[in-house]
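Open your viewer and get ready to click along with this short tour. At each stop, make the selection and have a look around before moving on.

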Amino acid sequence: MIPFEIILICTAIGILGVIIAMVCSLIPGLHIYSILGFVVLYLLNFESIDPLVFASFTTSMLIGYCLGSCISAVYFQTPDDSSVFMVFPSQKYLQDGRGYEAVFLTGLGAVVGAVMACLLIIFGSEFLTLLVDLLVEHSLWIIATAMAFVWLSEWPKDPARQKTRIGKLAAAWVQLLMGLFVIIASGILGIYLFFSQLIPPERSFQGLAAAFVGLFAIPSIIQNLFSAKKDIPKQYLGKTIEGNTSELIQGVAGGVIGGSIGMLIPSLTAGVGNTFARHAVAQSGDRSFMFSQGLSRAIYYVGAVMLLFIPGVIIRRGGAALFITMFYVPNTYSELIIIASTVLISTAVGWFIFTLIAKGITKSIHRINTRYVSLFGLIVMLILTYYMLGISGIFILIVATAIGYIPLVFNTRRIHCISVITIPIMISMAGLTLVVSQLFGIA
Amino acid sequence: MVIKKEDIKEKTKPGFCPNCGAYVGAFYSCPWCRSKMPHGTRLRIIQYVSIFAVIFGLVGLGIYAAIDPAPFVNIGDIGPTYSNGTVTIKGHVTNIDYRVANDESWKTLIFTVTDNTGSIDVKAYTETTDEMIEDKNTPAIGDDCTVRGSIYIRGDELYLLLDSSNYYKYQRPAALVTNATELFNLYNATPSEYLGIRVNVTGEVTKVGSSYFELDNVTRVFFPEYVRAFAPEVTISVYEEDIVEVIGFTELYYDTLEILPGSMYDIKILIQGGETIE
């Protein structure tokens with residue numbers, strides 16, 4: 001029996017978590033897992049803290065991140081691994097003065113996603129448990145197929161009006177081959193990160209933080225800093241959002257499929273899941289796309305951590321679940337219900353704060369020099385990385401940034417960078433860890 | 001059509017075609033009027049620099065990783081923040097547990113390694129366990145060992161996951177050569193000196209059970225499931241009055257002195273049914 005005071009504390013801490021996360025998420029490039037890392041370090045000093053309270057805080061921070069990062073991803077162009085796709089259509093909206101619409105649609109998707117994640121886990125837990133069991137045995141080929149699909153489905157984007165046929169062919173292939181280069185380079189980085197110890201061992205729980213920030217966030221920040229001064233037009237603060245039923249259905253279907261792939265299959269994030277989902281539901285149009293991106297991210301982040309709360313089984317997916325299992329493993333149905341209610345309350349509070357922040361930034365974004373915001377984000381990321389992981393963390397960050405910059409300058413897909421986790425996990429699943437470690441001199 | 005740079009700055013914003021004004025973004029040429037976009041040398045330089053930075057960065061990271069891919073840590077220092085870390089521990093094996101499914105579809109070997117600062121369980125799942133058995137690289141209680149693996153934490157459960165047989169290296173202490181009766185006498189004289197040591201004992205089998213036999217009526221030899229599993233090709237049938245040689249680790253079974261071999265390779269029948277076994 002969980003005491004009533006704990007339930008109240010969970011709710012209160014959930015509201016606090018969503019507010020903190022939303023404010024932190026406005027800093028360009030700052031991933032919620034980096035913040036949670038510091039929370040973990042701090043809380044480990046307090047043995048008396050109820051782990052359920054920490055779990056509530058973690059889950060609500062994910063919701064705050066799903067909502068808050070919509071704003072920074074659209075207005076400051078700093079996506080993480082699960083929102084890289086979202087940036088491009090939203091930039092078009094931003095240029096047209098419709099940034100608020102893009103933020104609103106993505107945020108609305110996140111709210112729907114958080115609610116759906118709760119419903120999925122509460123009412124579909126038995127089915128999900130069976131599905132996870134089934135998928136575990138097939139994870140290797142599923143991940144391999146997903147990565148192959150992501151690469152093979154990329155179409156040469158540059159029309160490359162070269163004069164000669166060879167020139168046209170070469171121009172098309174440069175982009176595709178650079179995609180392959182990014183996959184291989186990210187994979188090698190992942191091999192070093194997974195199979196050797198580059199950072200201080202006592203900070204291993206944040207082992208991927210520097211790489212993720214470098215691969216996804218810092219390149220965008222650098223781009224913002226060094227590209228020509230951005231003249232963001234004045235944004236229109238609409239009272240209504242355009243949309244129709246088919247867009248809504250496509251958005252929900254695409255988001256649920258994409259988010260579920262990210263939630264259920266190890267190492268595949270919502271970004272990769274969405275690549276499939278878009279094809280699966282024949283998604284077209286920017287509005288359904290942005291809505292589904294927000295939805296899938298919420299299912300990916302919130303759903304993955306809620307899988308851990310299914311009683312009787314231990315399904316650990318995603319970084320937040322890893323943080324929670326550092327404290328305890330939930331095993332009762334009442335814990336699941338408390339977490340679900342925390343999610344719903346945090347989502348409601350989060351949505352209210354989200355709209356306030358989004359409106360505020362929308363009104364003032366044309367007066368903000370985003371270069372300063374990006375510079376602030378860069379400084380914060382460097383300080384946090386150095387504090388958490390030391391000089392080796394900065395070294396990893398630099399190499400990851402170089403890899404993450406390739407897609408920007410060669411116009412290839414940024415989601416290729418996710419190979420930093422998919423390739424080492426595939427190697428591990430194939431039982432080739434030792435062979436690969438020997439090959440790379442780290443055995 | 002090639003547009004000169006000076007014309008472009010005056011007419012269009014970056015990303016827009018200087019000729020027709022269409023939005024072109026990062027493409028090299030305008031899809032509408034085929035004009036070359038003025039990315040110029042700077043983008044080309046950034047592209048080359050990025051590629052070189054990736055290559056040199058990864059080489060540097062590789063060199064750094066190879067220096068100490070799995071640093072040594074004291075077992076007592078390992079805590080929740082070590083989760084997913086790749087580390088090496090040194091200590092001695094103090095306990096072994098072996099779990100196998102009825103249909104042998106999975107097996108798990110768990111052995112405890114202890115150093116001066118604490119203890120940790122080391123887990124090896126089916127593939128690694130099979131590899132260890134095949135390599136005859138299985139742990140035995142009392143072994144001094146070095147283990148490299150990844151730290152896993154699930155609530156109160158904290159263990160080191162062993163990924164390959166190659167990452168388990170052991171040294172077995174030299175065995176005290178004696179016979180069962182003499183060992184028993186030595187133990188009775190100074191119990192603390194003769195418990196927890198490796199011995200090589202010869203004696204006559206006086207009693208046989210399902211997973212043990214007694215030597216000279218004074219010392220028990222215990223061979224649990226894992227001892228048999230670690231030597232799958234060895235089948236030994238021990239009968240009373242056989243003379244056997246056993247290498248193992250001494251411990252106490254209630255009040256009886258017990259020898260625990262590392263595997264069935266450590267049990268050798270010297271004389272069976274009056275005949276010397278080669």
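Select chain B and colour domain 1 (5-66), domain 2 (75-171) and domain 3 (176-276) separately; these bounds come from an automatic or database domain assignment. How far apart do the C-alpha centres of domain 1 and domain 3 of chain B lie? The answer is 76 Å.

A word on what you are viewing: this is a predicted model, where local features need pLDDT of at least 70 and side-chain atom pairs count only at pLDDT 80 or more, while totals for chains, interfaces and linings use all residues. Residues are numbered from 1 along each chain as its sequence is written, with chains lettered from A and ligands numbered from 1 in the order in which they are written.

Next, select chain A and show it as a cartoon. You will find 16 helices and zero strands (DSSP runs numbered from the N terminus: H or I of at least four residues for helices, E of at least two for strands). Turn chain A around: its C-alpha trace spans about 75 × 60 × 40 Å along the principal axes. Of the 443 residues in chain A, 56% are buried, meaning that 20 or more other C-beta atoms, placed from the backbone, lie within 10 Å of a residue's own; exposed is 12 or fewer, and partly exposed is in between.

Now zoom in on E242(A), in the loop between α8 (209-226) and α9 (245-264) of chain A. Is E242(A) buried or exposed? E242(A) is exposed, because 10 other C-beta atoms lie within 10 Å.

Finally, add Y42(A) to your selection. E242(A) and Y42(A) are 200 residues apart in sequence and 45 Å apart in space, C-alpha to C-alpha.
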